[in-house]
Amino acid sequence: MNYLSAELIAKTYDDRWLFKDVSLGIAQGEKLALVGNNGVGKSTLLKILTGEIQPDIGKVSIRDGIRLGFLTQQPGVDGQLTVKDVLFSDSNEIAKVVKEYEDCIHHPDTSPERMQAVLERMEELNAWDYENKVHEIIEKLGVPDIDKRFGELSGGQKKRIFLAQLLLLEPDLIIMDEPTNHLDLTAIEWLENYLSGQNITLIMVTHDRYFLDNVATEIIELDRGQLFRYKGKYAYFLEKKAEREEILKVEVTKAKNLLKKELEWMRRQPRARGTKAKYRVDAYYELEKKASQDLKKDRLELDIREARQGGKILEVEHISKNFGDLAIVTDFSYVFKKKDRIGVVGKNGIGKSTFLDMIVGKLKPDSGEVMPGLTTKYGYFTQESIALNPGNRLIDEVKEIAEFITLADGTQVSASKFLDIFLFPPEKQYNYVDKLSGGEKKRLQLLKLLVTNPNFLILDEPTNDFDIDTLNVLEDFLEKFSGCLLLVSHDRYFMDHLVDQLFIFEGDGKIRLFNGNYSDYRDWLDQQELKIKGKPTKQVVTEKGQTEDKRKVSFKEKQEYEKLQQEIELLEKRKEEITGLLTGGSTDHAELQKWAQEVQDITTAIDEKSLRWLVLAEIVD
């Protein structure tokens, strides 16, 4: 059953076709990932599907009764509204009563009469499961205090609130533009499991290759104004895309050869078009269109000279930093070595960016020292690191730094040629900065950074808004980069391919040093969890060289397995009892709050015990 159909839609931008004659259907249960280079029109296509903008040609139809949810890259809302006003839609009766219940719980001066009325309404609408879902989504996505005004929040916090709002609406069809931007790694992994593990229909634009692989069932590529669909994972998509492009090259070559013969026929025939065979004339123009396809694929080339690096790179000695009672870094020391490749991991708001600011000298530690070497030259890339003047032309942005740029081989190129290397052709170089797409602005920021020839790169979330092809090139460049690399990124694929050591921010100012990449760290965490819950599985090597779990269940684990089912049943019974108390007419605010907390705690305990039961069931069976 098709939820949404787009028929022969087309859209122009700046007198050129973004896409033309594009058709797309999204059926129930499909999870589609839309990929393509920056500027091809991915976000525009999503906005057409939602009705936010209209196509120049064609139409979009949504099946009657289907509820649509859309997550934009730049959400907008009245800044005077509170977080809870944004989260809970008044059009959803259950969300409306849960909003009122949350308001009562968070305000001790709530009257007994109001509390009683809300509890009765909660029971009437069976809203307790929804209330538990609210708490899970708010906690996992890191949504701030629900009484805060929306205008006081950062861009990242606003994005997380809109994502939470979208999930709480429970739409039939979800459309998402870069859903992982501004989420920390823990939140991304939770969202990944949420979207892939439920009966959800969605289409999304994402550059996160792990997220794409784990959520999407099909990949759609927007290329040269056309859509191409691939059923399978990202590696399969790359393979089939390469095959398609090779076939296209052969077809265009054949068309060019045939066009020469047809051109001779066209010239030999009478000038009056009506005296020629119409079918052959039409075929000629179709052939001309096919033969004139531009098969050139622009590829970003990063080839910048690095400043010479001496023996001493950077020493950090016993640095500490606090903001009031909040400890960001406590007594941290490290000596950076040549070719260090370090990833920085931790929840949003835990202090990663503050730590980077101290490394480059933008912020002083409360105690301790940061001592860079004499030849150390930072290249610091953050979301706001290099301000772009929206009133400037592209060429002026680069010329402000240098008229000529030195490449790795020692040759010098003009600012215009350097822009061309960065996929800004001459016809685009005199455009104003504010006309660029988000990805193009990020590419220009990266260009301005590399022009300074750094030998110590510090990259704070560099992957936001880049397309996958650009990310692949950036990865290639960073793999060859001989200086030091310090990287904060929520893109696990990007992190895994570039770092071999981690600084893990664990909270309360503690930073753990870990040897390995992010996947190694996740495996280590899983092993630690197994040690807490029970014995770790022993890995044995099979004849094929693969590892598999081979161990017998212990007597203690068998007993635990048999008891868990009884414990889960008792918890479910207790949950029903407390829910009954909540709706029993009590007006004691403290008592009601205690019961509400107990319901939440019991739900968490049921989830944990169910997970443990599943783990043991695999061993017992």
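Helices (H or I, at least four residues) and strands (E, at least two) are taken here as DSSP runs, numbered from the N terminus, and on that basis the protein chain holds 19 helices and 22 strands. The model is a predicted one, in which local features need pLDDT of at least 70 and side-chain atom pairs count only at pLDDT 80 or more, while totals for chains, interfaces and linings use all residues. Residues are numbered from 1 along each chain as its sequence is written, and side-chain values use heavy atoms, with hydrogens and water left out. Of the 621 residues of the protein chain, 47% count as buried, a term that means under 20% relative accessible area (exposed being over 50% and partly exposed in between, with a 1.4 Å probe and protein chains only). Among contacts (heavy atoms within 4.5 Å) between residues at least 6 apart in sequence, 66% join residues at least 24 apart.

**The six-stranded sheet**

- Six strands form an open sheet with mixed pairing, in the order β14-β17-β18-β12-β19-β20, where two strands pair if DSSP finds at least two bridges between them.
- The edges are taken by β14 (378-381) and β20 (510-515), each of which has a single partner strand, so one side of each is left without a neighbour in the sheet.
- On average, and with direction ignored, neighbouring strands of this sheet are turned by 15 degrees against each other; axes are lines fitted to C-alpha atoms, for helices over the stretch in contact, and angles run from 0 to 180 degrees between N-to-C directions.
- Strand β17 (residues 456-460) pairs with β18 in the parallel sense over five bridges, and Leu459 has Leu487 of β18 as its bridge partner.
- Helix α15 (residues 468-480) lies across β12, β17 and β18, and runs at about 145 degrees to β17.

**Strand β12 and its neighbours**

- Strand β12 (residues 341-345) is mostly covered, with five of its five residues buried.
- In a regular strand the side chains alternate between the two faces of the sheet.
- Both faces of β12 are covered, with Arg341, Gly343 and Val345 buried on one side and Ile342 and Val344 buried on the other.
- With strand β18 (residues 484-488), β12 pairs in the parallel sense over four bridges, and Val344 has Val488 as its bridge partner there.
- With strand β19 (residues 501-507), β12 also pairs in the parallel sense over four bridges, and the bridge partner of Val345 in β19 is Ile504.

**Helix packing**

- Helix α5 (residues 128-141) and helix α6 (residues 155-169) pack at an angle of about 155 degrees with their axes 10 Å apart, and they are therefore roughly antiparallel to each other, a label given to angles over 145 degrees (under 35 is roughly parallel, 65 to 115 roughly perpendicular and the rest oblique).
- The crossing of α5 and α6 is right-handed, meaning that the near helix is turned clockwise from the far one by less than a right angle, whereas an anticlockwise turn is left-handed.
- Their contact is made by Tyr130, Lys133, Val134, Ile137 and Leu141 of α5 and by Arg160, Leu163, Ala164, Leu167 and Leu168 of α6.
- These residues divide into eight nonpolar, no polar and two charged, where Ala, Val, Leu, Ile, Met, Phe, Trp, Tyr, Cys and Pro count as nonpolar, Asp, Glu, Lys and Arg as charged, and the others, Gly among them, as polar.
- The axes of helix α3 (residues 93-106) and helix α4 (residues 112-124) come within 10 Å and cross at roughly 145 degrees, and this crossing is left-handed.
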